[in-house]
Structure formats: structure tokens, C-alpha cells
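Okay, everybody settled? Let me put the structure up, and then I'll walk you through the parts I picked out.

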Amino acid sequence: QWLSDRKKRALQKKDVDIRRRIELIQDFEMPTVSTKIKVSRDGQYIMAVGTYKPRIRCFDTFQLSQKFERCLDAEVVTFEILSDDYSKVVFLQCGRFVEFHSQHGHYYRTRIPKFGRDFSYHYPSCDLYFVGASSEVYRLNLEQGRFLNSLQTDASESNVCDINPVHFLFAMGTAEGKVECWDPRTRNRVGLLDCALSSVTADSEIEGLPSISALKFDGALNMAVGTSTGQVLLYDLRSSNPLIVKDHHYGLPIKSIQFQHQLDLIISADSRIIKMWNKDTGKIFTSMEPEYDINDVCLYPNSGMLMTANEAPKMNIYYIPVLGPAPKWCSFLDNLTEELEENPESTVYDDYKFVTRKDLENLGLAHLIGSSLLRAYMHGYFMDIRLYHKAKMMANPFAYEEYRREKIRQKIEETRAQRVQLKKLPKVNKELALKLIEEEGEEQQVTRKRKQKNLPSLLKDDRFKVMFENPDFQVDEQSEEFRLLNPLVSKISEKRKRKLKILEELEAQEQEEEEEPEGKASDAESSESSDDEKGWVEEVRKQRKLLRQEEKVKRQERFKEDQQTLLKPQFFEIKEGEEFRSFKDSAKKQKLMKKTLGDRLKLEEKLGTLNVSDTTVGSKQATFKLKKSEQQKKQQEAEKQHRQERKTLRRSASHLRSKRGRGRLFH
């Protein structure tokens with residue numbers, strides 16, 4: 001987000017993934033949000049509506065650019081392209097308006113009695129069917145130019161509707177979770193489906209009554225219904241029971257349903273995910289989760305291209321070659337998909353280093369917090385990788401030498417590993433390795449008796465190999481946590497230390513086989529046969545006592561250091577125009593700020609800086625006098641003295657002129 005345009009262009013040159021991106025249609029976006037997107041029947045034009053301000057944009061696929069843009073007076077709920085191209089479009093707007101556009105622009109505008117939510121166009125009779133916040137279905141005939149008698153339904157409200165493209169059956173989804181089917185020829189209801197009851201399965205948890213949020217016909221007999229609780233039901237019109245029920249498992253309303261006939265897939269989408277699944281078996285084919293919430297999904301006819309309207313300016317275009325070929329206006333996609341290879345995903349933060357507050361303190365860069373050099377992100381900050389390397393070199397100039405020595409040591413160890421090795425303990429966490437070896441031996445004896453399979457050893461497991469090679473994983477036995485959580489470790493460690501000494505002596509003599517001194521171990525085991533619980537309590541008390549003594553010694557050392565350190569005086573600069581009086585003024589100000597507003601007003605009235613008076617209306621009027629600084633007082637006194645001097649000069653000059661005038665008259 002904070003990258004400049006120059007930096008983004010530089011990233012585009014380096015990043016292979018960004019360079020392979022293709023902008024199919026220029027400026028395929030909206031100012032803020034896109035709500036609906038559709039393709040004309042001839043496939044040449046893609047129309048989308050969005051905000052803000054409410055507008056429609058038409059894109060020409062032959063020119064791969066925007067053809068026109070029109071702003072509207074209200075937000076569009078949905079729209080329909082009546083012609084094969086963009087010349088006839090109907091918009092249902094949120095203010096109960098129905099707006100008609102022709103090729104040149106706005107053509108006509110009318111209004112329906114109730115707020116509309118969806119509409120469908122009946123081609124044989126040129127009727128528009130509107131459903132919304134009413135029990136009636138309003139019919140507007142475009143040939144006669146007038147409203148016809150409404151269809152009276154049993155529903156309180158209707159959300160969606162659709163007309164079958166084969167036999168023109170009109171279906172509408174209600175807020176009660178039912179689908180009503182009407183015959184436009186006789187204007188009578190011919191069927192009723194209770195989808196709310198059928199959507200409840202054994203695995204699903206329903207909190208409220210599911211309403212119908214999406215409806216789509218497929219051919220003459222199939223119909224898909226989407227509910228507000230995230231289920232998709234596929235029906236055969238000859239049966240009242242669904243063929244299959246598919247749950248999105250998000251509990252979000254289904255926004256869109258599309259049919260893909262080449263692979264017999266149903267593409268259903270809610271605001272979070274797009275799922276493609278087989279309509280016969282319900283098996284998931286694939287799914288997509290865009291970065292932003294989805295408002296609408298449009299499948300380009302007879303192709304594998306998918307377009308989405310999102311809660312973001314950019315409208316996404318997906319091309320899935322398995323679903324079908326690329327459209328003819330972008331047929332080059334078929335060749336490109338064959339050449340593309342899977343590459344590891346490159347990150348945008350290659351030039352930045354993520355550091356925590358503790359890392360900044362170790363590098364001595366904690367003072368940069370809040371500046372433009374650090375970008376806050378989650379529990380830390382992003383900083384430029386060059387600045388990080390410079391600071392690390394200054395904080396630890398010999399880090400590279402240590403890294404080099406460590407690498408050389410690792411290489412030498414790798415070459416040694418190829419030789420014939422003796423059975424010896426690792427250099428890191430020797431006591432832990434010895435403990436694991438002992439436990440492994442005991443487990444092997446138990447498994448031999450019980451004839452069980454041996455479990456894999458941690459020493460031979462590659463996942464834990466670094467724990468016995470890297471010194472950073474060394475167990476700190478002097479830490480407070482280790483001593484309190486492992487009180488019996490000290491006793492057990494004495495046995496292992498004896499064994500370690502013996503093993504080290506055997507390694508020094510370079511013996512080929514190292515045998516465990518069983519006699520000493522048995523003596524140690526036999527000598528310690530006390531009660532476990534008593535020993536544990538005594539050991540914990542002893543460790544706590546030792547920790548208190550160590551803390552007391554540390555406090556005494558810090559006290560001595562504080563006594564030896566000399567505090568230097570600090571000097572503070574007074575602001576220009578102010579005089580230092582005493583430290584008592586600041587204390588007075590603090591006491592004054594702690595008082596309530598009423599007490600402060602009374603104090604100001606006593607000092608004469610505040611005057612409160614009643615007005616004729618009944619309200620009160622407060623007049624304040626601002627306090628002046630010493631510099632302002634001196635300046636006002638100087639100005640006052642200067643004005644007095646000028647007045648005296650003017651008086652003396654006028655007096656001299658009057659005397660001269662009298663002398664001339666007398667002469």
C-alpha cells in the first residue's frame with residue numbers, strides 16, 4: 001500500500017508473475033463498488049453497474065475497452081438487457097423507479113407502487129414481471145405502455161424471480177422459503193414448493209427460517225434454488241423433493257447460480273466463495289475465494305471465462321481452461337495457458353524485513369518507531385532491508401565472521417559424517433540424548449516382552465536433528481522455569497553426569513565400542529529409593545529458596561551500581577517570550593486543572609478575568625479577558641508611551657503654527 005508508482009513499476013520488471021498478468025479489457029473497474037455484471041446475447045458487450053456515483057459502464061469486447069459510461073439518479077438493484085446488443089436496457093432502481101435506456105441514452109422513467117427487488121422479461125408477451133416488498137407481482141407491458149393486472153400471491157414479500165426459457169413458466173422465491181410457479185398465459189398459480197423444509201438436513205444447523213435468495217432455470221425441467229442460509233437445492237419440476245442439496249457451510253445467502261453444460265456443473269456463489277460442483281453427484285469440482293466480497297457472478301456463454309462483481313473497484317476475470325475454450329475476442333489465452341508453468345509465489349515484501357519491537361531494541365533503532373522508516377504491521381514493523389543490514393553490521397560487526405566460521409564447522413562435520421563413526425553422544429544436549437537412549441533401551445525391552453513394534457527414536461528422526469546440532473537449542477538448566485518445573489531433574493542428572501564422564505573417558509581412549517557402566521548405575525539407583533512426592537516437595541522448596549537468594553544478590557549489586565553512578569545536571573531551555581518564576585507555577589496549574597469547571601469559573605470571577613451576566617431571553621452571557629504575557633505587556637506599554645510622545649509633538653507643533661499666524665496679522 002505504501003509503495004510508490006516507481007517502486008511498483010520496478011517490481012513489475014522483477015516479478016515474473018506480475019509481468020505475465022494480462023489486462024484483457026482496459027479499465028475494467030468501477031470507482032468504488034460493482035454490484036451487477038451481465039453479457040449481451042451476441043457476446044460483444046459486457047455491462048456492469050456500480051457506485052459511487054451510481055453509474056453503468058459498457059465494455060466492447062471487440063475493442064477491449066470501455067464503450068460508454070452513463071451516470072444514474074439512484075442506485076441500481078438489478079438490470080436486464082432486452083436486445084441482442086446494448087441498445088435496449090431496463091434498470092430497476094432502489095427508489096421504486098424503473099428506467100429504460102436506448103442506444104442514445106435515457107429513454108423513459110416510471111415508478112412501481114412498492115420497492116422492487118428483482119424482475120424478469122417475458123418475451124412472447126413483452127411483459128415485465130416485478131417482485132419486491134409486496135404480496136403482488138406487478139406486470140408492465142412494453143408494447144401497450146401500461147400496467148396490467150397484478151398477480152396476487154400468498155407470500156408477504158418476494159426476493160427473486162425467473163422465467164423458464166423453454167416453456168416460459170414464471171417462478172418467484174418468497175421470504176417464507178417457498179417457490180411459487182405461475183402460468184403467464186392463464187395468470188394462475190400452477191405449483192408451490194416448500195424449499196425451507198427441504199433445505200434442512202441432518203448435518204445443517206438452522207437458526208431461522210430460510211428465505212429464497214437465488215433462483216435459476218436450466219432447460220425445461222430443472223431448477224436450482226438458493227437459500228439465505230447457504231444451501232443450494234436442485235429440483236426436477238415434476239417432483240416436490242429436491243434431487244440434491246448442497247451446503248456452502250458459511251451460513252451466507254446464495255447470491256448467484258449458473259449452469260455449465262459442458263461438464264454438467266452448477267456454479268453457486270455467496271459473498272465469500274464460488275463453488276463449482278457436479279449437479280448429479282454433488283462432488284466439488286473446484287472453488288475460488290476472492291479477496292473481496294462477491295456481489296454477482298457472470299459466466300461468459302460457451303467458454304471457460306468467469307467474471308465477478310465485487311465489493312472493490314476492480315472487477316475480476318477468471319479463465320479456467322477445463323470449463324471451455326477462451327472467447328473468440330481473447331483466443332490467445334488458449335496458447336498462453338499451455339506455455340505457463342507453475343512458479344513459486346513471490347512476495348511483495350522481498351525488499352522489506354519484518355522486525356519486532358525487541359529486534360529494534362537489540363539493533364538500537366527503537367527511536368524510529370512512529371517515523372516513515374517503519375511501517376506498523378501486526379505485532380511488529382516492516383523496514384527497508386538495506387537499513388536493516390546496515391544497522392545489524394553496526395550492532396554486531398563480526399556477525400559475518402561468526403557466520404563464516406559456523407558454516408565451515410558445519411562443512412567439516414558433514415565430511416566427518418561420511419567416515420566410519422563411533423557410537424557417541426551429540427555435542428549439543430548430551431544429557432537429553434542420554435536420557436532418550438536410556439528410555440529407548442527400556443522401551444525395547446518392554447516391546448520384546450509384549451511383542452510390539454518399536455517406535456522411531458527422536459535421535460534418528462530428521463525433524464529433530466537440529467536440536468542436537470545447533471547450539472541455539474541447548475537446554476538452559478540454570479533458568480528459573482527449568483529449575484521450578486523440573487525439580488527432580490537435578491537428582492536424575494547426577495546419574496547421567498556420571499555416565500557422561502565415563503563415556504567421555506572412553507571416547508578419549510578412542511575405543512570402538514562403548515559399554516554402559518551398569519554397576520555404577522545400579523548403585524545409584526539403589527541408593528535413591530526415597531519417596532517421590534517428599535523429594536519433589538523438598539526440591540521445589542530448595543529451588544525457590546535459591547532463587548530468592550540469587551534475586552537478593554542481584555538487587556544488592558544493582559543498588560551498589562546506583563550509588564556509584566553520578567547524576568549529571570540537566571538543563572532546560574525556556575521558550576522565547578516567557579520568564580522563569582518558580583516551579584510553584586506548574587504545581588498551581590496542575591491543581592487548577594484538577595478542579596471542576598464550576599470552581600474554575602468562580603475563581604476567574606474573583607480574579608476579574610470573567611464576567612457572567614443574565615440576558616433578557618433568560619440565558620447567560622460569559623465574557624473572558626485573556627491573560628497577557630510579560631512580553632505583550634511590555635510591548636503595549638511601549639506603544640502607549642510612543643502614542644503619548646506623538647500627541648505631545650502634535651500639540652507643540654500646532655501651538656507654534658498658531659503663534660506665527662498671529663504675528664503676521666499683527667505686522
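So, salt bridges to begin with: searching the whole structure turns up 15 of them. Before anyone asks, this is a predicted model. As a reminder, side chains of opposite charge can pair when their charged atoms come close.

Let me show you three of these pairs. Here's Arg57 with Glu69, where the closest N and O atoms are 3.1 Å apart. That one ties together distant parts of the chain: Arg57 is in strand β3, residues 55–60, while Glu69 is in strand β4, residues 65–71, and the two are 12 residues apart. Are the two partners buried or exposed? Arg57 has 12% relative accessibility, so we call it buried. Glu69 comes out at 33%, so that residue is partly exposed. And the pair has company, since Arg55, Arg57 and Glu69 are linked in a network of salt bridges.

Next pair: Asp236 and Arg238, whose side chains meet at 2.9 Å, N to O. Asp236 counts as buried because its relative accessibility is 14%. Arg238, on the other hand, has a relative accessible area of 65%, so this arginine is exposed.

Then there's Arg409 with Glu406, and here the closest N and O atoms sit 2.5 Å apart. Both belong to helix α7, residues 399–417, and because they are three residues apart, about one helical turn separates them. Arg409 is partly exposed at 32% relative accessibility, and Glu406 is partly exposed too, at 27%.

Okay, zooming out for a second. The protein chain has 667 residues, and 34% of them count as buried. Its secondary structure comes to 15 helices and 32 strands. If you look at contacts with a separation of 6 or more, 44% are between residues 24 or more positions apart. The accessible surface is about 46300 Å², with 50% of that belonging to carbon and sulfur atoms.

Now for some strands. I'd like you to find β22, residues 265–269. How many of the five residues of this strand are buried? Five of the five, so β22 is largely enclosed by the rest of the structure. Leu265, Ile267 and Ala269 point one way from the strand, Ile266 and Ser268 point the other way, and all are buried.

Who are the neighbours? On one hand there's strand β21, residues 256–260, which pairs with β22 in the antiparallel sense over five bridges. In that pairing, Ile257 stands opposite Ser268. The two strands make a hairpin with four residues between them, and Asp264, in the turn, has a positive phi of about 55°. Then there's strand β23, residues 274–278, also joined to β22 by five bridges and running antiparallel. The bridge partner of Leu265 over there is Asn278. A hairpin of four residues makes that connection as well, from β22 to β23.

Moving on to the sheets. One is an open sheet of four strands, ordered β13-β14-β15-β16, with antiparallel pairing. β13 (158–163) and β16 (188–194) are at the edges with a single partner strand each, so one side of each has no neighbour in the sheet. From one strand to the next, the twist averages 20°. If you want a pairing to click on, β15, residues 178–183, is joined to β16 by six antiparallel bridges, and Glu180 stands opposite Leu192 in β16.

There's also an open sheet with three strands in the order β28-β30-β29, again with antiparallel pairing. What stands at its edges? That would be β28 (352–355) and β29 (374–377); each has a single partner strand, so one side of each is left without a neighbour in the sheet. Ignoring direction, neighbouring strands here are turned by 30° against each other on average. Helix α6, residues 385–395, packs on this sheet, touching β28 and β30, and its direction makes about 95° with that of β30. As for β29 and β30 (residues 380–384), they pair over four antiparallel bridges, with Arg375 standing opposite Phe382 in β30.

Last stop, the surface. Leu263, Phe285 and Val322 form a nonpolar patch there, with about 250 Å² of accessible area together. Val322 is in the loop between β27 (316–319) and α4 (332–339), and with 54% relative accessibility it counts as exposed.

That's my tour, so over to you.

How values were computed: Residues are numbered from 1 along each chain as its sequence is written. This is a predicted model: local features need pLDDT of at least 70, side-chain atom pairs count only at pLDDT 80 or more; totals for chains, interfaces and linings use all residues. Side-chain values use heavy atoms; hydrogens and water are left out. Patches are made of residues with over 30% relative accessible area and no salt bridge: like charges are joined within 9 Å, nonpolar side chains (Val, Leu, Ile, Met, Phe, Trp, Tyr) within 5 Å. Accessible areas come from the Shrake-Rupley method with a 1.4 Å probe; for residues, only the protein chains shown count as cover. A salt bridge is a side-chain nitrogen of Lys or Arg within 4 Å of a carboxyl oxygen of Asp or Glu. Buried means under 20% relative accessible area, exposed over 50%, partly exposed in between (1.4 Å probe, protein chains only). Two strands pair if DSSP finds at least two bridges between them. Axes are lines fitted to C-alpha atoms, for helices over the stretch in contact, and angles run from 0 to 180 degrees between N-to-C directions. Contact means heavy atoms within 4.5 Å.
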